[in-house]
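Visitor: I'm new to this structure and would like a close look at one part of it. Could you walk me through it slowly?

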Amino acid sequence: MMRRPSFPALVTLLAILTAVLFASSLLVGPSDIGVGDAFGALFGNEGVTTMVMREIRLPRAILSVSVGATLGLSGAVLQGWLRNPLADAGVLGIGSSAALGAVIAIVSGLAYASPLALPLSALAGAGLAAILVFALAGQGEGGNGLILAGVAVASLTSALTALTLNLSANPFATLEIVFWSMGSLGDRSLDHVYLALPFMAAGWLLLASVGRSLDAMTLGAETASSLGVRVAWVRAVILFVTAAAVGGATAVTGVVGFVGLVVPHVLRPLVGSRPSRLMVASALGGATLLTMADLAVRLILPSRDLKLGVVTAIVGAPFFFRLILHERRRSMR
Amino acid sequence: MKLSAHDLSVRVANRTILQAIGLTLEPGEFVGLIGPNGAGKSTLLRTLAGAVPHGGELTLDDRPLAGYSARERARRIGYLGQDRHVAWPLTVADVVGLGRIPYRAPLSRESDADRRAVARALSVTQMENLANRPSDRLSGGEVARMLLARLIAQETPILLADEPIAGLDPAHQLATVQIFADMARAGHTVLASLHDLTLAGRWCDRLVLLDGGRIVVQGAPEAVLTPERIAETYGVEARFDRDADGLIVVPLRLVGQHRREVR
């Protein structure tokens, strides 16, 4: 029998790890603030230090934990529902349609008029994509309908993004969208938190209700339905809630790949593959991975503005390699 | 519980799959659903499970089945499909535990009743020693038994099973129909589609023969299984024999091919 930690132990461990990383995230930055001063200033009122803590570091730490949790959770939910270990919000076209929204905001100049124009436009892009995917996929029960519709929407929005850049008179638009597509948590304010957090928090609450349905989907849509799962309803909830939560996250950070794909993969064996348990573990695992990556961004080459999505991919890929090798050994046995 | 269909019909994409189905399943019955491939057996089972839009009437204890909530339905009618793909390598006990979903409140732990139902289902299917084995390390027959245990753990008065013995060795085929027969004796209602006419004839209380989306005949096995009918519906000539426990039906040769050779 494979030895694995008990579920409560795993969740406790990941929660402690997330809390420690959240605190560390508050302590890292270009201004040299000691540990005691940092937390004193966060809760007290000590002028500039308090401002740095509350308006620069706190939003960044909140966003890294909440965006990471959202990406990990949505990856676990989509993989469970689609019964496909390669699924994440990307296969539903959510990232690429948010990018289209962002590019329109940049090219039209709206992004320069107000700091929240770009995130709002990206969020609108993600929402429209979800509606389009839902309409295209129809009422069939199979997961493939959603994936096919998602891939179709993703190709369309990528093409439209390219077209917009192609026709753009703004020479910097391409550069900006390329950087946006790598994801970042730099220079985010509490306004970004207020914009994204409600979407993400609502998403966590609503997705918490689909755990049992995901477990039932292990045996396919027909059996799930006979176990009392309202398949069409749950499917719609998952699609729209994921789009809103990941759309909200992506709107403020840009596209951060790999978290939604890799985190559920790495944690699945540790929770005995049960989809409902994987949701909890992946949310905490996503928060851990993204906060670690954001710390790495600031500690390694702080002057070069390393992008978050680049680091998550570099940190995440070796886990993936290890997993593939492990699976290969397992299947050869 | 009594599950009753009256003038039931199913159309999918303008094609009639089932029509004029009249069928009543009473407690304590083990009913065999037989008929050639494409006759509509799987669609009928899925429809009776409440998963397919249909015309006509479908009632459970004289109340329209559509009037039950999904959860109420899942506590009354269990369904075992032909799809034996298990998406993730859950342990056998965890897969069997999925049968308890209709009884569990959101975020609740499993109750004593849940644990007892799983333990009983594992024991009935003789899967106790495999309880902690990940389901991707089972043979095809073991997967079939695990999914049967999942159905049993659901503890529904009515059980619908689509080809539950397909792919099983003779001993496990017999063990499976024995389980269904025992459950019927205990007051459950069982409807299972079967291709083994001997097993169907010897173990079922009643047979329903489906062909071309219609019920050709239903009744006692001896009345349903006749050489003429087997030739008409399946297109095979079968050898009929009988011992103390009932009929023995062995398909021997194709009738259509035979005719062609004569011409």
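How many residues does the contact take from chain B, and how many from chain A? After that, please stay with chain B for a while and then show me something of its partner.

Guide: Happy to. Keep in mind that this is a predicted model. The contact takes 25 residues from chain B and 21 residues from chain A. On the side of chain B that touches chain A, the elements giving two or more residues are α2 (70-74) and β6 (77-80) of chain B. The largest share comes from α2(B), with four residues. By type, the residues on that side of chain B are 14 nonpolar, five polar and six charged.

Now step back and take in chain B as a whole. Chain B holds ten helices and twelve strands. Its C-alpha atoms fill a box of roughly 65 × 40 × 35 Å along the principal axes. For 263 residues, a compact globule would have a radius of gyration near 18 Å, and chain B comes out at 19 Å, which agrees. Of those 263 residues, 44% count as buried. Among the contacts in chain B with a separation of 6 or more, 64% are between residues 24 or more positions apart.

Let's go inside, to strand β3 (residues 30-34) of chain B. Five of its five residues are buried, so β3(B) is largely enclosed by the rest of the structure. You can check that face by face: Phe30(B), Gly32(B) and Ile34(B) are buried on one side, and Val31(B) and Leu33(B) are buried on the other.

Next, look at the strands paired with β3(B). One partner is β8 (residues 189-193) of chain B, which runs parallel to β3(B) and is joined to it by four bridges. Find Gly32(B) and you'll see Ala192(B) of β8(B) opposite. Another partner is β9(B), again parallel and again with four bridges. Here Leu33(B) has Val208(B) as its bridge partner.

Follow β9(B) onward and you meet another pairing. Strand β9 (residues 206-211) is joined by five bridges to strand β10 (residues 214-219) of chain B, and these two run antiparallel. Asp211(B) is bridged to Arg214(B) in β10(B). The two strands make a hairpin with two residues between them, and Gly212(B) in the turn has a positive phi of about 55°.

While we're on turns, look at the loop between β1 (3-12) and β2 (15-25) of chain B, where Ala13(B) sits. Most residues other than glycine have a negative phi. Ala13(B) has a positive phi of about 50° although it is not a glycine. Ala13(B) counts as exposed because just 5 other C-beta atoms lie within 10 Å, and 12 or fewer is the cut-off for that label.

One more stop in chain B is helix α1 (residues 41-48), where seven of the eight residues are buried. Among them are Leu44(B), Leu45(B) and Leu48(B), along with Lys41(B) and Arg46(B). Just after α1(B) comes Gly50(B), with a positive phi of about 90°.

Now for the partner, chain A. Start with helix α9 (residues 190-208): at 1.5 Å a residue, its 19 residues should span 27 Å, and its end C-alpha atoms are 26 Å apart, which agrees. Still, α9(A) bends by about 35° at Ala196(A), and Pro198(A) follows within four residues. Ala196(A) is also one of the buried residues of α9(A), as are Phe199(A) and Met200(A). The buried residues of this helix pack against α3 (48-82), α6 (117-137), α12 (231-253) and α14 (275-299) of chain A.

Take α6(A) from that group. With 21 residues it should span 30 Å, and its end C-alpha atoms are 30 Å apart, which agrees. Its buried residues include Leu118(A), Pro119(A), Gly125(A), Gly127(A) and Val133(A). Right after α6(A) comes Gly138(A), with a positive phi near 70°.

Let's finish with Asp305(A), in the loop between α14 and α15 (308-332) of chain A. Its phi is near 50°, a positive value in a residue other than glycine. Asp305(A) counts as partly exposed because it has 13 C-beta neighbours inside 10 Å.

Note on methods. Residues are numbered from 1 along each chain as its sequence is written. Chains are lettered from A and ligands numbered from 1 in the order in which they are written. This is a predicted model: local features need pLDDT of at least 70, side-chain atom pairs count only at pLDDT 80 or more; totals for chains, interfaces and linings use all residues. A residue is buried if 20 or more other C-beta atoms lie within 10 Å of its own, exposed if 12 or fewer, and partly exposed in between; C-beta atoms are placed from the backbone. Two residues are in contact if their C-beta atoms, placed from the backbone, lie within 7 Å. Ala, Val, Leu, Ile, Met, Phe, Trp, Tyr, Cys and Pro count as nonpolar, Asp, Glu, Lys and Arg as charged, and the others, Gly among them, as polar. The expected span of a helix is 1.5 Å times one less than its number of residues. The bend at a residue is the angle between axes fitted to the seven residues ending there and the seven starting there. Two strands pair if DSSP finds at least two bridges between them. The radius of gyration is taken over C-alpha atoms; the globule rule is 2.2 Å times the number of residues to the power 0.38.
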